[in-house]
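Ready for some exercises? Have the sequence and the model open side by side, try each task on your own, and then walk through the solution.

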Amino acid sequence: MSQEIQLRAVSYDHPDAVKLNDQVQIEYQERYDGEGDVTFLDPAMFAPPKGLYLLAYDASGTPVASGGWRSHEANDEGYEEGDAELKRMYVVPEARGLGLARRILAALEADARAAGRLRMALETGDQQPEAIALYLSEGYTMTDAKFGHYRFYDSSRCMTKQLNPA
């Protein structure tokens, strides 16, 4: 199936992106027994060259996975100069285990690196062990220096990976 998967850059407010975002929000609500991720995200944050939003489509044209990155500079939310933040990585349940998250992650890292970003940063939660395992296996390390909207939550897990220049 992976050969049939196409990655496409779309805007964060593209209807297919909104559809997958709605699905991941439901999953967040179930896993964290409450609200979804309320981090403020604007479509302009993912517009190249300051970011990128990708969708994976299966052979029938159905969106099955998403992910994006957005630029950050040093700020009061704990980000460092030259950071790229990973957001909204999601694979629909029926497409899990096919390597789609790894494909999207690799494409996002390459794009952020080409855009001159120095470090990929992400925030996930302790109720997402699959995500944590993926990121650790791809060279991310846990950091005690937390960042992002949920940096003061005990369930927050922050991870980073250095991006070597292109």
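**Exercise 1. A charged residue in a strand**

In which strand does E123 lie? Once you have that, work out what its side chain meets.

*Solution.* Keep in mind that this is a predicted model.

Step 1: Find E123 in the chain; the strand is β5.

Step 2: Check for a charged partner. E123 is buried and has no salt bridge. The nearest side chain of opposite charge belongs to K87, 5.5 Å away. A salt bridge needs the nitrogen and oxygen within 4 Å, so the pair E123 and K87 doesn't make the cut.

Step 3: Look for another partner. The side chain of E123 does have a polar contact with the side chain of S156, at 2.9 Å.

**Exercise 2. The enclosed space**

How many cavities of 30 Å³ or more are there, and which residues line the largest cavity?

*Solution.* Step 1: Count. The answer is one cavity of 30 Å³ or more.

Step 2: Get the volume. The largest cavity holds about 40 Å³ of space.

Step 3: Name the lining. Here you meet E123 and K87 again, together with D37, T39, Y79, E85, G148, H149 and Y150.

Step 4: Sort that lining by class. You should get four charged, three polar and two nonpolar residues.

**Exercise 3. The largest pocket**

What is the volume of the largest pocket, and which element gives the most to its lining?

*Solution.* Step 1: Take the volume, which is about 920 Å³.

Step 2: Go to the centre. The lining has 37 residues, and the closest to the pocket's centre are Y28, M89, T124, Q128 and A131.

Step 3: List the elements that give two or more residues to the lining. These are the helices α1 (15-32), α2 (100-114) and α3 (129-137), plus the strands β4 (83-91) and β5 (119-125).

Step 4: Pick the top contributor. That's β4, with seven residues.

Step 5: Sort by class. The pocket lining has 17 nonpolar, eleven charged and nine polar residues.

**Exercise 4. Three salt bridges**

How many salt bridges does the structure hold? Then compare where three of the pairs sit.

*Solution.* A reminder first: side chains of opposite charge can pair when their charged atoms come close.

Step 1: The total is 13 salt bridges.

Step 2: Start with E27 and R31, whose side chains meet at 2.9 Å, N to O. Both residues are in helix α1, four residues apart, or about one turn of the helix. E27 counts as buried because its relative accessible area is 16%, while R31, at 24%, is partly exposed.

Step 3: Move to K87 and D37. Their closest N and O atoms are 3.5 Å apart. This pair links distant parts of the chain, with K87 in strand β4 and D37 in the loop between α1 and β2 (51-57), 50 residues apart. Both ends are buried: K87 has a relative accessible area of 6%, and D37 has 14%.

Step 4: Now take E80 and R119, where the closest N and O atoms are 3.4 Å apart. Distant parts of the chain are linked here too: E80 is in the loop between β3 (63-72) and β4, R119 is in strand β5, and 39 residues separate them. E80 is partly exposed at 43% relative accessibility, whereas R119 is buried at 9%.

Step 5: Follow the links around K87. A network of salt bridges connects D37, R70, E85, K87 and R88.

**Exercise 5. Unusual backbone angles**

Which two residues does a cis peptide bond join, and what is the phi of D33 and of R88?

*Solution.* Most residues other than glycine have a negative phi, and most peptide bonds are trans.

Step 1: The cis peptide bond joins P48 and P49, with omega about 5°. P49 belongs to the loop between α1 and β2.

Step 2: D33 has a positive phi, near 50°. D33 is also in the loop between α1 and β2, and D33 is exposed, with a relative accessible area of 72%.

Step 3: R88 has a positive phi as well, near 55°. R88 sits in strand β4 and is buried, at 5% relative accessible area.

Methods. Residues numbered from 1 in each chain as written. Predicted model: local features only at pLDDT ≥ 70, side-chain atom pairs only at ≥ 80, totals over all residues. Heavy atoms only, no water. 1 Å grid on protein atoms, 1.4 Å probe; cavity = no way out; pocket = protein on both sides within 12 Å on 5 of 7 lines; lining within 4 Å. Points joined across faces, edges and corners; volume = space filled by probe spheres on them. Nonpolar A, V, L, I, M, F, W, Y, C, P; charged D, E, K, R; others polar. Buried < 20%, exposed > 50% of the residue type's maximum accessible area, 1.4 Å probe, protein only. Lys, Arg positive; Asp, Glu negative; His and termini not counted. Polar contact = N/O pair within 3.5 Å; in protein donor to acceptor, adjacent residues only side chain to side chain.
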